[in-house]
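Visitor: Could you take me through one part of this protein up close? I'd like to see how the charged side chains pair up.

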Amino acid sequence: MYGNVGLATARGSGTNGYVTRNTAHLRIREGPPGGQPYGSGYDALLESVSKPPIHRAPDQGILEHERKRRVEVKVMELRDELEEKGMEEDDIEEECSKLRQKLTAQPEQLGGRGLDTHSLAAAKEIEMSRLQRALGVSVNHEEGRAFKRETEEEKAARLAKREERERERIEAAITRERENEKRKQEWEEKERLRRREEYKRRRRD
C-alpha cells in the first residue's frame with residue numbers, strides 16, 4: 001500500500017501489490033509504431049499510398065544501345081556458323097553486312113525483347129498505350145480525379161463552360177429554325193408564282 005492506495009497485503013490477491021498508473025484515458029497514437037514518419041500522421045500515410053504509381057519513361061539511348069547489341073549478337077552467330085562451314089573471309093563479311101543492314105532496317109526481326117529495366121518499361125508503355133486506346137481513355141486523363149473534391153473555382157469554371165455550351169446549342173437551334181423558315185417562305189413564294197403563271201397560261205388557252 002502506498003498513499004492509502006492499493007492492497008494492505010499481496011497475500012491471496014494473485015498480484016505483487018504494485019500500483020500501476022491507469023493509461024486508459026490516453027489518446028491512441030496515430031500512424032505506425034515508432035513515431036510518425038509520414039508527415040502529419042496516418043492520414044498522410046494513406047494519402048501517399050493512394051497516389052497513382054509513377055511510370056518512368058524508358059531511356060531511348062539505352063534502348064538503342066541494346067538494339068545494336070542484339071544486332072551484333074545475331075551477326076556474330078552468323079559469322080561463327082559461316083566460319084565453321086569454311087567460307088572465305090570476304091564472303092563472310094559480305095553476308096554479315098547484309099544481315100546487319102537487314103536487322104537495322106527491320107528491328108522487329110530480332111524477335112523477343114530485352115529483360116533489362118528499360119526494355120520492360122518500353123514494352124509496358126506500348127501495352128498501356130494499346131489498353132488506353134481500347135478503353136477510350138483520354139490522353140489528358142488524370143488518375144483518381146473522379147474521387148477528388150473540386151474547388152469553388154473549378155466548379156464555377158465547369159458551370160460556366162456548361163452554360164456556354166448550352167447557349168451555343170440554343171443559338172444554333174434558333175439559327176436552324178430561321179433558315180428553315182426562310183427556305184419555307186422562298187418555296188411558298190416560288191409555288192405562288194408558279195401557280196399564277198399556270199393560271200395565266202390556262203386563261204390564254
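Guide: Here is a walk along helix α2 and its charged side chains, with a few stops elsewhere afterwards.

A quick note before we start: this is a predicted model, where local features need pLDDT of at least 70, side-chain atom pairs count only at pLDDT 80 or more, and totals for chains, interfaces and linings use all residues. Residues are numbered from 1 along each chain as its sequence is written, and side-chain values use heavy atoms, with hydrogens and water left out.

Helix α2 covers residues 60-85; helices here are DSSP runs (H or I, at least four residues, with strands being E, at least two), numbered from the N terminus. Let's begin with arginine 79, whose side chain meets that of glutamate 89 in a salt bridge, at 3.1 Å from N to O. That term means a side-chain nitrogen of Lys or Arg within 4 Å of a carboxyl oxygen of Asp or Glu. Glutamate 89 belongs to helix α3 (residues 89-105) and arginine 79 to helix α2, so this pair ties together parts ten residues apart in sequence. Arginine 79 is buried, at 14% relative accessible area, while glutamate 89 is partly exposed at 41%. Buried means under 20% relative accessible area, exposed over 50%, and partly exposed in between (1.4 Å probe, protein chains only).

Now stay inside α2 and look at glutamate 81 and lysine 85: they form a salt bridge too, with their closest N and O atoms 3.7 Å apart. These two sit four residues apart, about one turn of the helix. Glutamate 81 is partly exposed at 40%, and lysine 85 counts as exposed at 59%.

Not every charge on this helix has a partner like that. Glu77, Asp80, Glu83 and Glu84 make up a negative surface patch. Patches take residues with over 30% relative accessible area and no salt bridge, joining like charges within 9 Å and nonpolar side chains (Val, Leu, Ile, Met, Phe, Trp, Tyr) within 5 Å. Asp and Glu count as negative, Lys and Arg as positive, and His and the chain ends are not counted. Glutamate 77, for one, is partly exposed at 46%.

For a pair in another helix, try arginine 167 and glutamate 171, whose side chains meet at 2.7 Å, N to O. They are four residues apart in helix α5, about one helical turn. There's also a network of salt bridges linking Glu191, Arg194, Arg195, Glu198 and Arg202. Overall, the count comes to 13 salt bridges.

How values were computed
Areas by Shrake-Rupley, 256 points an atom, 1.4 Å probe, with all protein chains shown as cover. Charge placed at Lys NZ, Arg CZ, Asp CG, Glu CD.
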